Amino acid sequence: MIFRQTFDSTSSTYTYIIASRSGGEALIIDPVLEKTDQYLRLLDQLDLRLVKVIDTHIHADHISGISELKDRTKCITIMGEHAPADVVSMKVKDNEKIKIEGIELISIYTPGHTDDSYSFIMNDRVFTGDTLLIKGTGRTDFQNGNPYDQYNSLFDRLLKLDDKTLIYPAHDYKGEMVSTIGEEKKYNPRLQVSSPQEYAKIMNNLNLANPKMMDIAVPLNKGESISEENQKKLIKELNISEDLEKKIKDRWNKKI
Ligand SMILES: [Fe+2]
């Protein structure tokens, strides 16, 4: 199997490139728009053909690369069925199989961070999006997040997986790249609770600032348009690179 974990240092996002063999089909999970050229270069060097790309949920902290990857490779874009209409070409339900040559993923609906959050199991590992992070869990205070739903997704779904299951999250802010269900059960401070109420109390008192990119990333990732006046205002406020500004404008133009 070919398994690559790449990192976007601006949003601390992990992206996964998966294939069963060189010369075969590939799948990408949670790509970041600015890194599209890097993914395509890597696919080319590994002699892989991108056929499917998945977002675990509508991201608020970065602009997803799925639409640009679709435009440039004609791959199928996938999200869970709770994602807003028209952002992807294929939607999956809970417990559905996603296949590429020699690889099979199983979707699990794990709401809580957002109401459209999915995780994906592949053999000995699980891609947890922002539902279960390494020694943390994804915030639940926007995009229809709900700490009680997240508690159920964690305790009734993800933590029921075998203790040896490898965890590959969508982000890490401290440099850890992989964990296991067993380690997280023991050492993740958010999981050391005895009731949904106790978990919700922790999550409701985090008082986190909104992600810097949120006002641009969420509408773009949902496929919603923004007025030209608002676009200018947001880009000015963000102080982003020329390259990213160009990519954002390009995506906006394609939405309209
Ligand atoms: Fe997220």
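## Helix 6

A residue is called buried here if 20 or more other C-beta atoms lie within 10 Å of its own. In this predicted model, helix 6 covers residues 214-222, and its buried residues are Ile-216, Ala-217, Val-218, Leu-220 and Asn-221. An α-helix has 3.6 residues a turn, so residues three or four places apart point the same way.

What follows helix 6? The next residue is Gly-223, and its phi is positive, near 80 degrees.

## The open sheet

Six strands make up an open sheet with mixed pairing. Their order across the sheet is 7-8-9-10-13-14. Strand 7 (97-100) and strand 14 (179-180) are the edge strands, each pairing on one side only.

In a regular strand the side chains alternate between the two faces of the sheet.

## Strand 13 and its neighbours

Strand 13 (residues 166-169) runs parallel to strand 10 (residues 125-129), and four bridges join the two. Among the bridge partners, Arg-125 is matched with Leu-166 of strand 13, and Val-126 is matched with Ile-167 of strand 13.

How does strand 14 run relative to strand 13, parallel or antiparallel? These two strands are antiparallel, and two bridges join them. Ile-167 stands opposite Ser-179 of strand 14. Ile-167 thus has Val-126 as its bridge partner and also faces Ser-179 in strand 14.

Methods
Residues are numbered from 1 along each chain as its sequence is written. This is a predicted model: local features need pLDDT of at least 70, side-chain atom pairs count only at pLDDT 80 or more; totals for chains, interfaces and linings use all residues. A residue is buried if 20 or more other C-beta atoms lie within 10 Å of its own, exposed if 12 or fewer, and partly exposed in between; C-beta atoms are placed from the backbone. Two strands pair if DSSP finds at least two bridges between them.
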